[in-house]
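Here's a quick briefing for anyone meeting this structure for the first time. Have a look at the sequence and the model, then read on.

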Amino acid sequence: DPRLNGVSSSGDDNITIINKGIFTSCKKRDGCPPWTVKADEIKHDRKKKQLNYKNAVVQIYDIPIFYFPKFFHPDPSVKRQSGLLQPRLNNSETLGSSFLLPYFHVLSDNRDITFKPTIFDSDIFMLQNEYREEKENSSFIIDLGHTAGYKSSKDNKKKSIAHIFSNFNFDLGLDKFIKSKLEVSLEKTTNDTYLKVFESNLIDIDKKIKPSSQSQLASNVKLDLSHNKFNFETGMSSYETLGGLNSDKYQYILPYYELDIPKIKTSEYGNLSFSSSGSNKLKNTNNLT
């Protein structure tokens, strides 16, 4: 519920200037809103779709927190705009203090990328890049990270480590099916303890691609088909245990399937249902099930 008030205003069709203004997007409520931005002057530029502030003070429950001589942000009509995102200070017993300053860049109506550099006081530098693309029948997201200067307690040598997390969804649009979707996901790191050590520095990764476990990585290819008479799912999966012997780290499911026919009508026996599932699993190097 964005709203802007002031003592006086002037302007034309493109620019409106509010003197002694105050802005908030919090919902209306009794008492003061949780946060506001007060300024000597607030200029609303309708062409650029920006609110520009002079001598701005960010207040939390009427308590001044930050002062900015000049400050701007998109007006409430803007859905996406390139610019710096909220910075964050972090502290870790293992890595020390760090500072993150992400930058969001709009590439087109359906594509954008976020650069997320993190600087540590322990001479570690992390750079993450998250790319997103949305199309009519597909969506793609990938997060690439490279960390330089990390020194583990085991070998006590500085080295570079990296990660890649991605997800691709594609609507096949098969005519005879209610739903026909293909999904491909990938999770990979170059260090077994990476997710645990850098846990607090990876919180900005999109939930669609962030690993659900710190001890295991999963990559999948899945085909999901829904028909008005049956549901069918098949695919391949790979699981990597982070730790232990390299020869026994991986488990492969090549392939698996699930078939479900919820209702089979027969005049003689009534209604029947049928389901079937199977998989081919290889784990611990040579244990095949």
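What follows is a short tour of strands, empty spaces, salt bridges and a surface patch.

This is a predicted model, so local features need pLDDT of at least 70 and side-chain atom pairs count only at pLDDT 80 or more, while totals for chains, interfaces and linings use all residues. Residues are numbered from 1 along each chain as its sequence is written, and side-chain values use heavy atoms, with hydrogens and water left out. In brief, the structure holds 14 salt bridges, one cavity of 30 Å³ or more, and a largest pocket of about 770 Å³.

**Strands and hairpins**

- Strands here are DSSP runs of E with at least two residues, numbered from the N terminus. Two of them count as paired if DSSP finds at least two bridges between them.
- Strand β2 (residues 8-11) runs antiparallel to strand β3 (residues 15-24), and four bridges link the two. Across this pairing, Ser9 faces Ile18 in β3.
- Three residues sit between β2 and β3, and the two strands make a hairpin.
- β8 and β9 are also an antiparallel pair, with five bridges. One of the matches is Asn91 with Ser97, the latter in β9.
- The link from β8 to β9 is a hairpin through three residues.
- Ser97, in strand β9, is partly exposed at 33% relative accessibility. Its C-alpha atom is 8.5 Å from that of Ile119, with the two residues 22 apart along the chain.

**Empty spaces**

- Rolling a probe the size of a water molecule over the atoms shows where empty space is left.
- The search uses a 1 Å grid over the protein atoms alone: a cavity is a set of points where a 1.4 Å probe fits but cannot get out, and a pocket is an open set with protein on both sides within 12 Å along at least five of seven lines. Lining residues have an atom within 4 Å of a point.
- Grid points are joined across faces, edges and corners, and a volume is the space filled by probe spheres set on the points.
- Which residues lie nearest the centre of the largest pocket? They are Phe71, Phe72, Leu84, Leu85 and Gln86, out of 20 lining residues.
- Both β6 (63-74) and β7 (83-84) give at least two residues to that pocket's lining. The largest share, six residues, is from β6.
- The largest cavity holds about 40 Å³ of space. Its lining is made up of Arg88, Leu89, Asn90, Ser98, Phe99, Leu100, Thr118 and Asn201.
- β8 (88-92) and β9 (96-100) each bring at least two residues to the lining of the largest cavity.

**Salt bridges**

- A salt bridge is a side-chain nitrogen of Lys or Arg within 4 Å of a carboxyl oxygen of Asp or Glu. For burial, buried means under 20% relative accessible area, exposed over 50%, and partly exposed in between (1.4 Å probe, protein chains only).
- Lys116 and Glu130 form a salt bridge, with their closest N and O atoms 3.5 Å apart. Lys116 is in strand β11 (residues 111-120) and Glu130 in strand β12 (residues 125-134), so this pair ties together parts 14 residues apart in sequence.
- Lys116 is buried, at a relative accessible area of 3%, and Glu130 is buried too, at 5%.
- Glu130 also has a salt bridge with Arg132, where the closest N and O atoms are 2.9 Å apart. Arg132 is buried, with 19% relative accessible area.
- Lys179 pairs with Asp224 in a salt bridge whose closest N and O atoms are 3.1 Å apart. Since Lys179 belongs to strand β15 (residues 179-189) and Asp224 to strand β16 (residues 216-226), the pair ties together parts 45 residues apart in sequence.
- Buried or partly exposed? Lys179 is partly exposed at 32% relative accessibility, whereas Asp224 is buried at 16%.
- Through shared partners, salt bridges join Arg80, Asp112, Lys116, Glu130, Arg132 and Asp143 into one network.

**A nonpolar surface patch**

- Patches are made of residues with over 30% relative accessible area and no salt bridge; like charges are joined within 9 Å, and nonpolar side chains (Val, Leu, Ile, Met, Phe, Trp, Tyr) within 5 Å. Accessible areas come from the Shrake-Rupley method with a 1.4 Å probe, and for residues only the protein chains shown count as cover.
- Val184, Val221, Met236, Tyr252, Leu254, Leu282 and Leu288 make up a nonpolar patch on the surface, together offering about 540 Å² of accessible area.
- Tyr252 is part of strand β18 (residues 250-266) and is partly exposed, at 32% relative accessibility.
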